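Trainee: I would like to take a close look at the salt bridges in this structure. Could you walk me through them slowly, one pair at a time?

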Amino acid sequence: MYASPQSIFVIIPCFNEASVIKDTVAGVLEKGYNVVVVDDASTDETRQRLQGLPIHYLRHRINLGQGAALQTGLDHALLNGAEFLITFDADGQHLPGGIAGMVEEMEVKKVDIIFGSRFLKGSASTVPSGRKWLLKMARFVNYFFSGILLSDAHNGFRCLSRKAAEKIRLRENRMAHASEILIQVARLKLTYAEYPVNIHYTAYSMAKGQGNRHGLRILFELILYKLFR
């Protein structure tokens with residue numbers, strides 16, 4: 001990897017992740033990257049678990065949703081000189097070892113954004129069968145709204161260049177932001193590529209993941225976005 005680790009900011013939105021957040025952050029810090037945790041008004045001990053760690057800690061006064069937390073983190077990272085901005089889940093399912101490869105892929109291919117994929121050759125992710133069909137459906141929903149057909153859908157592990165982060169403005173506060181990013185990538189004519197990533201599923205991360213009910217809600221939010229944006 002050619003980029004300095006200090007030019008890489010890893011943005012971790014979280015809400016009530018006290019049981020896992022310290023381990024997640026520690027794994028990223030070990031790689032030498034800057035960490036921006038956006039606490040979306042957690043009511044558990046998330047804040048206390050992070051005390052003393054060399055991170056950028058931001059907190060929303062009220063719970064706004066993951067999309068809003070990501071936008072807060074992106075804005076903060078840009079203000080602090082980030083050149084590469086990684087979006088990273090708090091529940092421990094993303095592996096810090098994949099960050100260097102994503103940044104290198106961005107530099108080699110000279111694209112504005114890298115999307116992590118669980119379904120490309122090179123990924124060792126074992127996606128539970130019950131989730132595969134939901135993700136397949138989501139791919140085509142994303143294609144319908146954005147014109148971009150990725151191999152994966154709603155994978156929160158991404159790398160944005162500074163240029164992309166400056167142009168993308170998330171208005172979908174909650175989970176539909178993943179599709180909104182694709183829509184904006186197409187509208188803004190940003191260049192992109194995919195990169196195989198490994199996802200470490202645990203009982204905890206599965207319980208926090210998107211079920212069928214969440215999928216329908218995302219679809220509803222996307223329709224509203226298209227109608228009123």
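**The salt bridges, pair by pair**

Mentor: The structure, which is a predicted model, holds seven salt bridges. Side chains of opposite charge can pair when their charged atoms come close. Let us follow some of these pairs through the chain.

We can begin with Asp-39 and Arg-59, whose side chains meet in a salt bridge with a distance of 3.1 Å from N to O. This pair links distant parts of the chain, since Asp-39 belongs to strand E2 while Arg-59 belongs to strand E3, which covers residues 56-59, and the two are 20 residues apart. Their surroundings can be read from the accessible areas: Asp-39 has a relative accessible area of 0% and is buried, whereas Arg-59, at 38%, is partly exposed.

Strand E2 (34-39), where Asp-39 is found, also appears in the packing of a helix, for the buried residues of H1 pack against strand E2, strand E1 (8-14) and helix H2 (46-50). Helix H1 itself runs over residues 21-29, and its buried residues are Ile-21, Thr-24, Val-25, Gly-27 and Val-28. Seen down the axis of H1, these buried residues fall within an arc of 155 degrees, so they line one face of the helix.

The next pair is Arg-118 and Asp-152, whose side chains meet in a salt bridge at 2.7 Å, again taken from N to O. Arg-118 sits in the loop between strand E5 (113-117) and helix H5 (129-146), and Asp-152 sits in the loop between H5 and strand E6 (158-161), so the pair ties together parts that are 34 residues apart in sequence. Both Arg-118 and Asp-152 are buried.

A third pair to look at is Glu-166 with Arg-162, where the side chains meet in a salt bridge at 3.2 Å from N to O. These two residues lie four apart in helix H6, which covers residues 162-167, and are therefore separated by about one helical turn. Glu-166 is partly exposed, with a relative accessible area of 47%, and Arg-162 is partly exposed as well, with a value of 23%.

To place these pairs in the whole, keep in mind that the protein chain has nine helices and seven strands, and that buried residues make up 52% of its 229 residues. Among the contacts in the chain with a separation of 6 or more, 74% are between residues 24 or more positions apart.

Terms used:
Residues are numbered from 1 along each chain as its sequence is written. This is a predicted model: local features need pLDDT of at least 70, side-chain atom pairs count only at pLDDT 80 or more; totals for chains, interfaces and linings use all residues. Side-chain values use heavy atoms; hydrogens and water are left out. Buried means under 20% relative accessible area, exposed over 50%, partly exposed in between (1.4 Å probe, protein chains only). The arc is that of the directions from the helix axis to the C-beta atoms. Contact means heavy atoms within 4.5 Å. A salt bridge is a side-chain nitrogen of Lys or Arg within 4 Å of a carboxyl oxygen of Asp or Glu.
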